[in-house]
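Q: Please look closely at one part of this protein and explain how it fits into the rest of the chain. I would be grateful for a connected account suited to a first-year student.

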Amino acid sequence: MNLYKSRDISEKLFGSDKTLFGNRSFRVVSSQAAEAKIFIQFIALIIRARIYTLLRKRKAEMPGKPNYLSVPSALKELEKIELIRQPNGNYKLDHAVTATQKVILGAFGLDEEWIKAQARQIGKDIQNAAMPEEQKDNDEDAENEEY
């Protein structure tokens, strides 16, 4: 019975491919571009199936049936996590991570501290990308000097 349910889920995921990714027409010029698009959609489908599985498992562990543990709802909720640039040029989280977001992140084995660490790292990466090349070279030279 488990095998049948698993197969049914797979068929539904492939069936939802047309609506999820807009697969009515490929709108590509070459067959190579069509193959690349299909490959990317296949990878996205694998990722979506994994998200679905983790959210479903988390939902089963909870006493109620929260409606925010569906794939579209969870992604919409997680999209609210954003960085803003402060006047001094540093980046930080726009808002604190909500309780709902914590539950969703918990389904993926992540927590608020992981989000904060990633936000700090992304902020540093953005600042380094915006820094002129000469300044990057000078900063690297200063780090490599021995005292």
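A: In this predicted model, the buried residues of helix α4 are Gln101, Val103, Ile104, Leu105 and Ala107. These buried residues pack against α2, α3 and α5. It is useful to place the helix in the whole chain before turning to single residues.

The protein chain contains 6 helices and 2 strands, and along the sequence they follow the pattern α-α-α-β-β-α-α-α. Of its 147 residues, 19% count as buried. Among the contacts in the chain with a separation of 6 or more, 44% are accounted for by residues 24 or more positions apart. The chain exposes about 11,300 Å², and carbon and sulfur atoms supply 54% of that area.

Isoleucine 104 is a suitable starting point within helix α4. Its relative accessibility is 0%, and it therefore counts as buried, the limit being under 20%. Leaving out residues up to four places away in sequence, isoleucine 104 touches Leu55, Tyr68, Leu69, Ala74, Glu77 and Leu78. One of these partners, alanine 74, lies 30 residues from isoleucine 104 in sequence, yet the two C-alpha atoms are 6.6 Å apart in space.

Leucine 55 shows the contact from the other side. Beyond its neighbours within four places in sequence, leucine 55 is in contact with Leu69, Ser70, Val71, Ala74, Ile104, Ala107 and Phe108. Both Ile104 and Ala107 in that list are among the buried residues of α4.

These residues lead to the largest nonpolar core, which has 15 residues. Those with the most contacts inside this core are Leu55, Leu69, Leu93, Val97, Ile104, Leu105 and Ile115. The elements giving two or more residues to the core are α2, α3, α4 (99-107) and α5 (112-130). Helix α4 gives the most, with 4 residues. In soluble globular proteins, nonpolar side chains tend to be buried together.

Two of the helices against which α4 packs also meet each other. Helix α2 (residues 31-61) and helix α3 (residues 71-78) pack at an angle of about 95°, and their axes are 10 Å apart. Because angles of 65 to 115 degrees count as roughly perpendicular, α2 is roughly perpendicular to α3. On the α2 side the contact is made by Arg48, Ile51, Tyr52 and Leu55, and on the α3 side by Val71, Pro72, Ala74 and Leu75. These residues divide into 7 nonpolar, no polar and 1 charged. Leu55 and Ala74 thus belong to the contact between α2 and α3, and isoleucine 104 of α4 touches both.

Glutamine 101 is another residue of helix α4. Its relative accessible area is 3%, so glutamine 101 is buried. Apart from neighbours within four places in sequence, glutamine 101 is in contact with Glu77, Leu78, Lys80, Ile81 and Ala96. Glu77 and Leu78 are also touched by isoleucine 104. An α-helix has 3.6 residues a turn, so residues three or four places apart point the same way.

Glutamate 79 offers a contrast. This residue lies in the loop between α3 and β1 (83-85). With 61% relative accessibility, glutamate 79 counts as exposed, the limit being over 50%. Glutamate 79 and glutamine 101 are 22 residues apart in sequence, and their C-alpha atoms are 9.8 Å apart in space.

Finally, helix α4 is followed by glycine 109, whose phi is positive, near 80°.

Technical notes. Residues are numbered from 1 along each chain as its sequence is written. This is a predicted model: local features need pLDDT of at least 70, side-chain atom pairs count only at pLDDT 80 or more; totals for chains, interfaces and linings use all residues. Side-chain values use heavy atoms; hydrogens and water are left out. Axes are lines fitted to C-alpha atoms, for helices over the stretch in contact, and angles run from 0 to 180 degrees between N-to-C directions. Angles under 35 degrees count as roughly parallel, over 145 as roughly antiparallel, 65 to 115 as roughly perpendicular and the rest as oblique. Contact means heavy atoms within 4.5 Å. Ala, Val, Leu, Ile, Met, Phe, Trp, Tyr, Cys and Pro count as nonpolar, Asp, Glu, Lys and Arg as charged, and the others, Gly among them, as polar. Buried means under 20% relative accessible area, exposed over 50%, partly exposed in between (1.4 Å probe, protein chains only). Accessible areas come from the Shrake-Rupley method with a 1.4 Å probe; for residues, only the protein chains shown count as cover. A nonpolar core is a set of buried Ala, Val, Leu, Ile, Met, Phe, Trp, Tyr and Cys residues joined through side-chain atoms within 4.5 Å.
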